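Visitor: I would like to learn how to read a model of this kind with care. Could you take me through the features one at a time, with the general idea before the particular case?

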Amino acid sequence: MVALLVQGPMFYKIAKSISILVILVSIYFAIAGGRFFPFSDYPMYRAARKTSALAAIVVHFEDGSKAFAKRPYLRPFNRLHLHQMIYTTSLLELPPEEKYRWLDFFIKERILKYEKNVQAVSLEKVEFPAHFSDDSEIDKSVLRTIYKRNVSDL
Amino acid sequence: MIKTWNTLSLSHRAGVFRILFFGLFLYFIKFFYLVSFSNFSQMDVYCSETMGVWYYLDLSRSQLSLLAWACIIGAVFACAGLFTRLSYFVVFISFLLLNACALKYCYFNHLYMPLHIPLLFWGLLDGQSGYRLDRLIFKTKKLPEDEENKRIEFFVKCNRVFFVVVFFATGLAKLKTSGFNWIFSDSMMHMLNLQNFASDRTLVPDFFHDINSWLIANPMICIALAFMTVFIEILAPIALFSHRGMKFIVFHLVLMQIGIYVTMYINFFPWFLIYLCWLPLLKVEPTFKVKTIKL
């Protein structure tokens, strides 16, 4: 009975019409844009490809040293996702503590689990190409501090 | 062997297509990775505000796990042709829910985004592909060969039109958002540079970085690559009309995506599933015939 229903000419006619409709809708979205086909059009690229500056997370230690956020801190994101996060949240009309509330998640769930003696974590605007594996280059690369969160305030 | 291959009916060829599609689907999806995204449930505020996700879909870790297993088992059944139609829909629905749930966590969905609609086409349109256990176990009746071939051709053509729409949309999106600046500015150079910022160097072979650095040092080559990218994407619809165009466009799109992996370290491997509908083994002619007028 079920086999008849899904193999029968009526099912096929309906399925065919739905398929044509799906294709027409995808053509509409292809032309109209939007999030349906966002390839190559991510906000992170839109902003970043026009300038030579990016946003990055920097960890400040109690002894005064600094380090760029490393991959284990960010998983499953990468640094570019973080740039996107900082960039897009910076556009929100909210007080900084509200805008960058997600940073607390990274500090508590990631950075403090991997690092000891962390004093603060900051969001910095940096110039690229920056040597993100070489922490001695931080002071040369940082253009401006966007937001700084002391670990003692968490 | 070749003779046997050539005598295969379209239905059996579609069966090979099905086995390849769902076999590779199982290989490419990394559901355990996907399930790990449930750890990020605390980030809802950020996600809804910045990613433009308008819906609320927050599944627990065990629910995501269940969906992931349903998808995996469905794909195995679809590959073997057991409860085929049901398996197609199980894969389609579970995969859609998993991705809709993950969309708010990360942009990694660029890998899977174009797979949903081909999965829907399998569920709606494929009742004829060969090499199914269903036919052995339930002894289901076959349709007349002509009708079967018509249905398979329509199914393959739908996949091809969707393929073309996806690439045409990417080309158009570039021109719509940035115009010719996408090609004739430092945009491509910046994007190549950005990828060094995104990931650690250890994730890809060293020579990928060497190629990336060489390209950044040659802005004219970056402009040429940007031009070729937009050119080939905008011309994608040609693949539907002529055999030569089909070979040219599909081959260059494959090259483009391999090039993106080598120079920008972005892996588009799951997209190769949507290329399968162009395989010569299907022996389906270009989707639309253009009538030529002889003068």
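Guide: Let us begin with the contacts of chain B in this predicted model. Among its contacts between residues at least 6 apart in sequence, 78% join residues at least 24 apart.

Visitor: Which helices and strands does chain B have, by number, and what percentage of its residues count as buried?

Guide: Chain B has 15 helices and zero strands, and of its 295 residues 54% count as buried. The chain exposes about 14000 Å², and carbon and sulfur atoms supply 70% of that area.

Visitor: What are the scores of the model, and where in chain B does pLDDT stay under 50?

Guide: The model scores ipTM 0.85 and pTM 0.81, while the mean pLDDT of chain B is 82, with 82% of its residues at 70 or more. The general idea is that predicted coordinates should not be read in detail where pLDDT is low. In chain B the case to bear in mind is residues 44–49, over which pLDDT stays under 50 and for which the model has 14 contacts beyond four places in sequence.

Visitor: Turning to chain A, what is the order of the strands in its open sheet?

Guide: Strands of a sheet pair through backbone hydrogen bonds, either parallel or antiparallel. Here the open sheet of four strands in chain A has the order S2-S1-S3-S4, with antiparallel pairing. Strand S2 (66–68) and strand S4 (142–150) of chain A are the edge strands, each pairing on one side only. Direction ignored, neighbouring strands of this sheet are turned by 30° against each other on average.

Visitor: How many bridges join S1(A) to S2(A), and how many does S1(A) form with S3(A)?

Guide: Strand S1 of chain A, residues 53–61, is joined to S2(A) by three bridges in an antiparallel arrangement, and A:Val59 has A:Ala67 in S2(A) as its bridge partner. These two strands form a hairpin with four residues between them, and in the turn A:Gly64 has a positive phi of about 95°. With S3(A), strand S1(A) pairs in the antiparallel sense over nine bridges, and A:Leu54 stands opposite A:Val126 there.

Visitor: Why is S1(A) described as largely enclosed by the rest of the structure, and which helices lie across it?

Guide: Nine of the nine residues of S1(A) are buried, so the strand is largely enclosed by the rest of the structure. Both of its faces are covered, with A:Ala53, A:Ala55, A:Ile57, A:Val59 and A:Phe61 buried on one side, and A:Leu54, A:Ala56, A:Val58 and A:His60 buried on the other. Helix H5 (residues 79–90) of chain A lies across S1, S3 and S4 of that chain and runs at about 100° to S1(A). Helix H7 (residues 102–114) of chain A also lies across S1, S3 and S4, running at about 120° to S3(A).

Visitor: Which loops of chain B hold B:Tyr131 and B:Tyr265, and what is the phi of each?

Guide: B:Tyr131 lies in the loop between helix H7 (116–125) and helix H8 (133–137) of chain B, and its phi is near 55°, a positive value in a residue other than glycine. B:Tyr265, found in the loop between helix H14 (243–264) and helix H15 (272–275) of chain B, has a positive phi of about 60° although it is not a glycine. As to their surroundings, B:Tyr131 is partly exposed, with a relative accessible area of 43%, whereas B:Tyr265 counts as buried at 14% relative accessibility.

Visitor: How many disulfides are found over all chains, and why is there no bond between B:Cys158 and B:Cys277?

Guide: The idea to apply is a distance test, in which a disulfide needs two cysteine sulfur atoms within 2.5 Å. A search of the whole structure finds zero disulfides over all chains. The sulfur of B:Cys158 has its closest cysteine sulfur in B:Cys277 at 10 Å, which is too far for a bond. Looked at from B:Cys277, the closest cysteine sulfur is that of B:Cys158. Both cysteines count as buried, B:Cys158 at 4% relative accessibility and B:Cys277 at 3%.

Notes. Residues are numbered from 1 along each chain as its sequence is written. Chains are lettered from A and ligands numbered from 1 in the order in which they are written. This is a predicted model: local features need pLDDT of at least 70, side-chain atom pairs count only at pLDDT 80 or more; totals for chains, interfaces and linings use all residues. Side-chain values use heavy atoms; hydrogens and water are left out. pLDDT is the predictor's confidence in each residue, from 0 to 100. Contact means heavy atoms within 4.5 Å. Buried means under 20% relative accessible area, exposed over 50%, partly exposed in between (1.4 Å probe, protein chains only). Accessible areas come from the Shrake-Rupley method with a 1.4 Å probe; for residues, only the protein chains shown count as cover. Two strands pair if DSSP finds at least two bridges between them. Axes are lines fitted to C-alpha atoms, for helices over the stretch in contact, and angles run from 0 to 180 degrees between N-to-C directions.
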